[in-house]
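Morning, everyone. I'd like to walk you through one model today. Please have a look at it first.

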Amino acid sequence: MKVNLKLLKRLYLIDHESTNEHDMISFILNYCYKIPHLIFSIDKERNLFITKNTTNPENYACVVAHMDTIHNFTSARELVIKNNIITAKYIKSGIQCGLNADDCNGILVALQLLETLPNLKVCFTTQEELGGIGAYEAANNIEFFLNVRYLIQADRRGNKDLITRTNGIDSASEKFVEDIQSLMEKYSYSESIGTFTDIGVLASKLLISGVNVSCGYYNEHTFREYCNINELNNCLNFIYEIITSLDNQETTYTIKAQKPYMSNYYSNYDYDNYTYDDSPKDEYDLPCDHCIDQDCMHCKQTW
Ligand SMILES: [Zn+2]
């Protein structure tokens, strides 16, 4: 499989900041209407639940992606692609701005897999960047997740992390990691620890194994955000092969009940007093380079 660059570019240019995801939801629905064998539902937080069923399988893999972004742009943007790297800038000023790769990369992966695979479930969430508000509501859709064997999300910076611990819990089952070990080696991924994302919320509430996969974006939440297309491509094929290789098994990958030590990680973030500054400056208000993770909960450094 190859990244559909035309689709990726369209996704990046849709404005869809948290709580204002309407244009992204419309785009995804319109795109999915053209894919046969899909059924949809939407809940009160505007999470989208999509099932593709062509052969009546007993159970499904479920891909998760969030439809919101932290970026709130001030004017029209354009994309710049150079040496396999995509960035964005304001057309008027020429100043670099956020790209929306977090999590349009994940949306792209979900849409391309929906087009390609015969059977798949996808949960597109809202308000991930506000502390997983969408995912907490999505987890109440028991009927949708009842026949889901495992969850996969492409919402991690970089190119090599398979996040198996996030939101303070072991989100992935050991058996799942064992079953995809050879693919991890093939695509150069290794187990790592994350901070917070939707699959952590869903896994902790539903007790279904979930992983988050590096998908080639960097400097998310800043105007320096960029995407490495080759790395996104690697992620897309990694997830595609995971799903196809596990397809013939009956196992549902479960995890044991654990208490996430932060039910809402972003509560530490003081969102009420947080204003997003999209203007370039040398010192950006981000955690230390050593940890990069936003709460630095596994980081011994002080900054
Ligand atoms: Zn994200």
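Let's begin with a term: donors are N, O and S atoms within 2.8 Å of the metal, or 3.2 Å for Na, K and Ca, and water is not among the atoms, so sites may look incomplete. In this model, the donors of the zinc ion follow the spacing H-x35-D-x52-D along the chain.

Before I go on, the ground rules. This is a predicted model, where local features need pLDDT of at least 70 and side-chain atom pairs count only at pLDDT 80 or more, while totals for chains, interfaces and linings use all residues. Residues are numbered from 1 along each chain as its sequence is written, and side-chain values use heavy atoms, with hydrogens and water left out.

Back to the zinc ion. Which residues hold its protein donors? They are His66 through NE2, Asp102 through OD, and Asp155 through OD, with Asp155 listed twice. They lie 1.9 to 2.6 Å from the zinc ion. Asp102 lies in helix H3 (residues 101-116) and Asp155 in strand E8 (residues 148-157), so this pair ties together parts 53 residues apart in sequence. Helices (H or I, at least four residues) and strands (E, at least two) are DSSP runs, numbered from the N terminus.

Now the geometry. Angles among the four donor atoms run from 54 to 145°, and the site is irregular. For four donors, tetrahedral needs all angles between 85 and 135 degrees; four count as square planar and six as octahedral if opposite donors are over 155 degrees apart and all others between 65 and 115; anything else is irregular.

Buried or exposed? Asp102 is buried, at 5% relative accessibility. Asp155 is buried too, at 7%. The cut-offs: buried is under 20% relative accessible area, exposed over 50%, partly exposed in between, with a 1.4 Å probe and protein chains only.

Next, cysteines. The whole structure has zero disulfides, a disulfide being a pair of cysteine sulfur atoms within 2.5 Å. Take Cys123: its closest cysteine sulfur is in Cys62, 5.8 Å away, too far for a bond. Cys123 is buried at 0%.

Last, salt bridges. There are nine in the whole structure, each a side-chain nitrogen of Lys or Arg within 4 Å of a carboxyl oxygen of Asp or Glu. One of them joins Lys186 and Glu241, at 2.4 Å from N to O. Lys186 lies in helix H7 (residues 181-186) and Glu241 in helix H9 (residues 229-245), so the pair ties together parts 55 residues apart in sequence. Lys186 is exposed, at 53%.
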